[in-house]
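Work through the following exercises with the sequence and the model open side by side, and try each task before reading its solution.

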Amino acid sequence: MKKCIAIILAAVLLLSALCACASDTVPTQSAQTGTEETATNDETAALPTPTPEPAGELTVKYAGDGTPVRTTDNYRVFYEIFVGSFSDSNGDGIGDLRGIINRMDYLNDGDPTSGKSLGIEGIWLTPIFSSPSYHKYDVTNYYSVDSSFGTTEDLKELVDLCHTRGVKVILDLPINHTGSLNKWYGEFVRAHREGDVDNPAYERYSYYSAPDKAPAGRTFSQITGTSDYVECNFAGNMPELNFDSEEVYTLVYDVAKYYLDMGVDGFRFDAAKYVYFGDNAKSAAFWERYISDLKKINEDLYTVAEVWDGDGITDRYFPYLNCFNFTTAGTSGLIAESAKEGNVNVFTKYVQSYITKITSLREDAMYVPFIANHDTDRAAGYLPGLNGRAQMAANLYILCPGSPFIYYGEEIGLRGSRGGAPTDADRRLAMIWGDGDTIKDPEGSIYNKANKNADPVAEQIADETSLYTYYKTLIAIRQAHPEIARGKYTALSLPKKTGAFLSTYNGSTVCVIHNTSTDAVTIDMKSVTDVAFTKISAEIGIGDFETVTSFDGTTLVIPPQTSVILR
Ligand SMILES: [Ca+2]
Ligand SMILES: [Ca+2]
């Protein structure tokens with residue numbers, strides 16, 4: 001489906017910017033977890049009908065000055081790859097590490113000024129370890145790459161290639177639980193069957209001999225051949241490790257060390273608050289020790305935890321590691337709400353107070369915004385590109401401090417939502433390359449193909465008005481304004497549907513102003529800040545800024561659905 005969009009580029013400025021439990025048990029707590037259910041094939045479930053997109057033409061525009069520069073610190077734009085759904089190198093329909101290697105020019109060609117790749121600066125790989133499931137959150141062996149994904153040599157090659165291009169690689173490390181096929185678990189079961197209480201494996205997993213005395217709210221499953229029960233809150237085939245065991249600490253430490261020694265740059269930690277179910281103090285204490293030890297291996301270690309909960313809970317973990325921000329994510333998060341012609345001031349004031357708080361907990365704590373991930377509905381379903389909301393949402397979270405995470409396919413408007421399905425497979429559909437890639441949708445997906453209506457990558461690369469081109473340009477603008485990712489953040493008070501912040505870094509201040517409304521807005525900059533700005537350094541949006549935008553040092557006219565950066 002080729003979108004019918006008028007092309008009007010501010011060519012000179014653009015060029016200067018770019019050349020320059022078996023029973024499907026889940027934890028009973030209200031927050032969901034990132035761990036996967038058992039997929040089934042209930043054909044009766046259906047995806048919701050996509051939001052109709054408005055007819056008519058839109059103008060997609062972007063411009064900027066300054067030269068994008070390669071990021072060397074951790075204030076990066078990351079890209080989450082659900083490995084099995086991204087790119088297939090060997091024709092079996094399953095995404096693999098070689099497929100990612102083959103797509104590196106798409107992700108980052110190593111030249112921030114080439115304008116020829118998306119320009120992401122970090123990759124989160126969902127679990128790559130051997131596992132019987134398509135999602136691989138039930139790990140059989142942490143020391144082997146799943147054979148459907150490739151080999152350890154492929155992983156090393158990918159990491160080395162990324163490093164030559166300034167891209168960091170973080171691995172998804174699920175350690176709250178293992179898969180039940182893991183030999184760690186087999187040894188635990190054997191020890192219990194044999195009553196071998198002196199064997200360290202006996203204490204390796206969380207178990208109760210009298211389940212009626214086990215803490216309420218948790219799920220336990222009988223260990224076959226014994227009268228004991230093992231904790232398995234997520235699924236019967238995902239037994240939970242016992243973090244009171246020093247042996248377990250050593251086991252999970254050794255896994256992380258193995259990959260850090262290989263050159264991996266850090267980790268995304270799955271289900272981080274479930275280490276001790278329902279006990280954030282004890283769970284956080286584990287992460288304090290673990291991260292401290294891992295930083296002795298690599299002091300630049302990048303870590304981000306999935307603590308799928310409110311800020312009052314993530315605050316417990318922030319002294320030790322970054323946490324994804326779920327308050328601003330999702331269908332009704334502050335990013336989407338602002339992008340839908342909402343009050344951007346609510347978002348910018350939230351970001352300021354959030355950053356103030358987390359950096360008081362740890363000086364180098366980072367805001368980690370995202371819109372969607374492999375456990376949520378995709379943003380294209382509720383932020384359609386053709387009414388400008390996908391673009392505004394991208395502006396709000398990419399032109400933002402910290403390390404934003406793009407979910408693969410978001411940059412082409414790939415759709416996918418769970419609807420009433422018993423599986424998350426429809427949130428993880430195959431990337432649409434349009435160039436013969438043999439990648440297929442994951443096991444259990446039941447989507448209606450009509451709902452997956454993103455233009456293929458091959459078409460979007462050739463289309464200067466595509467969402468892909470928009471994301472690429474947005475990342476370049478961020479890279480050309482290092483203040484945005486790293487600076488001291490000060491929210492300004494602006495009229496509703498607009499919002500702005502100052503960001504000061506190394507003595508330089510920029511002002512980022514968002515207008516999410518469908519009308520042009522005039523702002524008297526001298527009335528909202530004492531900082532004097534002399535010029536528009538970049539702007540990106542769908543508004544007609546060639547004729548509408550103006551700035552004389554005092555009065556800024558900002559087109560509809562556009563963001564402007566002042567210097
Ligand atoms: Ca494959
Ligand atoms: Ca646990």
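These exercises concern a predicted model.

**Exercise 1.** Find the bridge partner of Thr522 in β21, and place the two strands within their sheet.

Solution. Starting from Thr522, the bridge partner found in β21 is Val557. This pair belongs to a connection of 4 bridges between β18 and strand β21 (residues 555-558), which run antiparallel. Stepping back to the whole sheet, one finds an open arrangement of 3 strands in the order β18-β21-β20, with antiparallel pairing. Because β18 (521-524) and β20 (550-551) each have a single partner strand, they stand at the edges, and one side of each is left without a neighbour in the sheet.

**Exercise 2.** Determine the order of the open sheet of 7 strands, and locate its edges.

Solution. Reading across the sheet gives β13-β12-β11-β7-β4-β3-β14, with parallel pairing. The edges are β13 (322-323) and β14 (405-407), each of which has a single partner strand, so that one side of each lacks a neighbour in the sheet. Within this order, strand β3 (residues 78-81) is joined by 4 bridges to strand β4 (residues 122-125), and the two run parallel; Ile81, for example, has Leu125 as its bridge partner in β4.

**Exercise 3.** Identify which residues coordinate the calcium ion (ligand 2), and describe their spacing along the chain.

Solution. The coordinating atoms are OD1 of Asn176, OE of Glu240, and the O atoms of Tyr274 and Val275, at 2.2 to 2.9 Å. Along the chain, these donors follow the spacing N-x63-E-x33-Y-V. As a last step, checking accessibility shows that Tyr274 and Val275 are both buried.

Terms used
Residues are numbered from 1 along each chain as its sequence is written. Chains are lettered from A and ligands numbered from 1 in the order in which they are written. This is a predicted model: local features need pLDDT of at least 70, side-chain atom pairs count only at pLDDT 80 or more; totals for chains, interfaces and linings use all residues. Side-chain values use heavy atoms; hydrogens and water are left out. Donors are N, O and S atoms within 2.8 Å of the metal (3.2 Å for Na, K and Ca); water is not among the atoms, so sites may look incomplete. Buried means under 20% relative accessible area, exposed over 50%, partly exposed in between (1.4 Å probe, protein chains only). Two strands pair if DSSP finds at least two bridges between them.
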